[in-house]
Amino acid sequence: MTATVSAPPDVRAVVGRLLARKRRLAFVVPGIILAYFAYIFVSFDVAGLADRARMDNARILLSDFWSYKTHITRDNRSGEVVVAIEGETKGTYPDGMVPDWVVMDGGTTTIDLGAGHRVIYDALGARYVHPGYGTIAIRSGNGTVTLDAATLDAPTLDVPTLDVPEPIPDWIEVAENRVQVSTAQGRFSVTRNRTETFRYQAGWELFFFTLDSRFYGKGPLDLLAMATSGERVDPARSNIAGMAADFWNNAMWRHGDVARAIGETILMAFLGTFLGAIIALPLAFVAAANFSRFAALRFAMRRVFDFVRGVDGLIWTIILARAFGPGPMTGALAILITDTGAFGKQFSETLENIDEKQVEGVRSSGANALLRARFAVIPQITPVLLGQILYNFESNTRSATIIGAIVGGGIGLLLTQAISTQKDWEEVAYYMVLIIAMVIGIDTLSGWLRRKLIRGA
């Protein structure tokens, strides 16, 4: 009998093919990645993003985060001049009380913007004095706004014709029935009906006390002296109680409303998270393979978990808001539904990985299923469950901010309202700081609870 021996493979050929394959992959994979990024560049119109960007608006927005502006507005028909912080009625200076950089003398109002920049309202119209350029005089009347460009080495300009002469710098904007001057010191705007000057200053003005408060304008030492030994401003209460009341009821910053909104946000997250965990725990025993004998029931329960957690919480929020109306409880229900699915999956997987020896030990003592779960299963899974619940509580605190904006509750609603006004950006910054502080606080608290409840430290 003759044995047939197969020829050994050519080692060089095999190694060559492997190296050639690796070389091809070294070019193909980066090529696919580059092609994908090229597709993103075209489909998302990245090139057009720079053209659409409004950096001037971005600069104004960022400056409004840390500064405030005072409006000095004159009604061109009646001649009345109003000075108001952020242009709000709640921040309007009362009669006889104006900032020291605003001087009202009869029918003339002089506004010192600093660095030699001044604005003057008088019977002739309004003038912006620019120390490095000259005086820009504007007259309004007969339904038109006229830029007197004599000091700009150019003829008089009637704005409705839009015949803009040269030279006019880019910080002077001329539009139909409107002239605006924008400099680093402030903005100056004239229309048919009103003349307005904006002066920006650092800080969050009226954050503690509004203009109608007896404590407005007092420094920290003055307030301390009034709180400890000063005469009572209001005979019916102490000065420190008056300070607390004026701060809490601040009409501009609404600290009381903000505190209640923060409480609603935390309550939405708390109710949704912990009620979801309470509902999910018994259902997880039905979905766990080592506790449920019926495969069809396990399959059905797992698909229920997949369904409720597969639909995003924001979608549930919109559905529930249409069904039950807006409110914080609707937001809590949306979190509850989503977390029931997430906890059900996590808890069932945790149950399937328990140590069965402890269960057998309790069973050998004659304990029924309920006692086995109480003394052999729950002690094993408690640390893991607590960690998952506390982590979801942290995450839901952030989610409750967005959910609150939809259902009309919590700090999310106030944040959305401040953004929609397109002018209260300092309030947006305030709410963002509070949201970050809230998340940090919840994270610190949950970490402490984990150490106490799980490690016992």
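Just after helix α8, Gly325 takes a positive phi of about 85 degrees, and I would like to start from that point and work backwards into the helix, keeping in mind throughout that this is a predicted model. Helix α8 itself has 12 residues, and the distance from its first C-alpha to its last is 16 Å, close to the 16 Å expected at 1.5 Å a residue. At the N-terminal end of α8 there is a cap, provided by Asp312, where a side-chain oxygen sits 3.0 Å from the backbone nitrogen of Leu314.

Which residues of α8 are buried? They are Gly313, Trp316, Thr317, Leu320 and Ala321, and because they cover an arc of only 135 degrees around the axis, they are on the same side of α8. As a general reminder, an α-helix has 3.6 residues a turn, so residues three or four places apart point the same way. The face of α8 that is turned away from this buried side carries the exposed residues Arg322 and Ala323, while the buried residues pack against α7, α9 and α11, the last of these being residues 369-407.

That brings us to α7, residues 295-310, where the same length check can be made: its 16 residues should span 22 Å at 1.5 Å a residue, and the end C-alpha atoms are 22 Å apart, which agrees. The buried residues here are Arg298, Met301, Phe305 and Val308, and since they fall within an arc of 100 degrees when seen down the axis of α7, they line one face of the helix. Their cover includes α6 (255-287), α8 (313-324) and α9, and the face of α7 turned away from the buried side carries Ala296, Phe299, Phe307 and Gly310, which are exposed.

Phe307 deserves a further word, as it forms an aromatic pair with Trp316 of edge-to-face type, at 5.9 Å centre to centre and with 85 degrees between the planes. Is each partner buried or exposed? Phe307 is exposed, because its relative accessible area is 52% and the cut-off for that class is over 50%, whereas Trp316, at 12% relative accessibility, counts as buried. Across the model the count of aromatic pairs comes to 21, and one aromatic cluster is formed by Trp204, Phe207, Phe208, Phe247, Trp253, Tyr430 and Tyr431.

Staying with the neighbours of α7 and α8, I turn to α9, residues 328-351, which holds Thr350. At 13% relative accessibility Thr350 counts as buried, and its side chain reaches the backbone oxygen of Gln346 at 2.8 Å. Leaving aside neighbours within four places in sequence, Thr350 is in contact with Ile381, Val384, Leu385 and Gln388.

Now to the nonpolar cores. The largest has 49 residues, of which Phe188, Ile411 and Tyr431 touch the most other members, and helix α13, residues 425-455, gives the most to this core, with 7 residues. Apart from it lies another core, of 18 residues, among them Ala288, Leu351, Ala373 and Ile389. Tyr431, which also belongs to the aromatic cluster I listed, is in contact with Arg254, Val258, Ile411, Leu414, Leu415 and Ala418, once its neighbours within four places in sequence are left aside.

Let me finish with the strands and the loops beside them. Val81 lies in strand β2, residues 81-85, and at 22% relative accessibility it counts as partly exposed, because the buried class ends under 20%. Not counting residues up to four places away in sequence, Val81 touches Ile72, Thr73, Arg74, Met104, Thr109 and Tyr121; the C-alpha atoms of Val81 and Met104, 23 residues apart along the chain, are separated by 9.0 Å.

Where are Glu86 and Ala115 found? Glu86 is in the loop between β2 and β3, and Ala115 is in the loop between β4 and β5. Glu86 has a positive phi near 60 degrees, in a residue other than glycine, and Ala115 likewise has a positive phi of about 60 degrees although it is not a glycine. With a relative accessible area of 5%, Glu86 is buried, whereas Ala115, at 61%, counts as exposed.

Key
Residues are numbered from 1 along each chain as its sequence is written. This is a predicted model: local features need pLDDT of at least 70, side-chain atom pairs count only at pLDDT 80 or more; totals for chains, interfaces and linings use all residues. Side-chain values use heavy atoms; hydrogens and water are left out. Helices (H or I, at least four residues) and strands (E, at least two) are DSSP runs, numbered from the N terminus. Buried means under 20% relative accessible area, exposed over 50%, partly exposed in between (1.4 Å probe, protein chains only). A polar contact is a pair of N or O atoms within 3.5 Å; within protein, one must be able to donate a hydrogen and the other to accept it, and residues adjacent in sequence count only if both atoms are side-chain atoms. Contact means heavy atoms within 4.5 Å. The expected span of a helix is 1.5 Å times one less than its number of residues. The arc is that of the directions from the helix axis to the C-beta atoms. A nonpolar core is a set of buried Ala, Val, Leu, Ile, Met, Phe, Trp, Tyr and Cys residues joined through side-chain atoms within 4.5 Å. Rings of Phe, Tyr and Trp (its six-membered ring) pair if their centres lie within 6.5 Å; planes under 30 degrees apart count as stacked, over 60 as edge-to-face and the rest as tilted.
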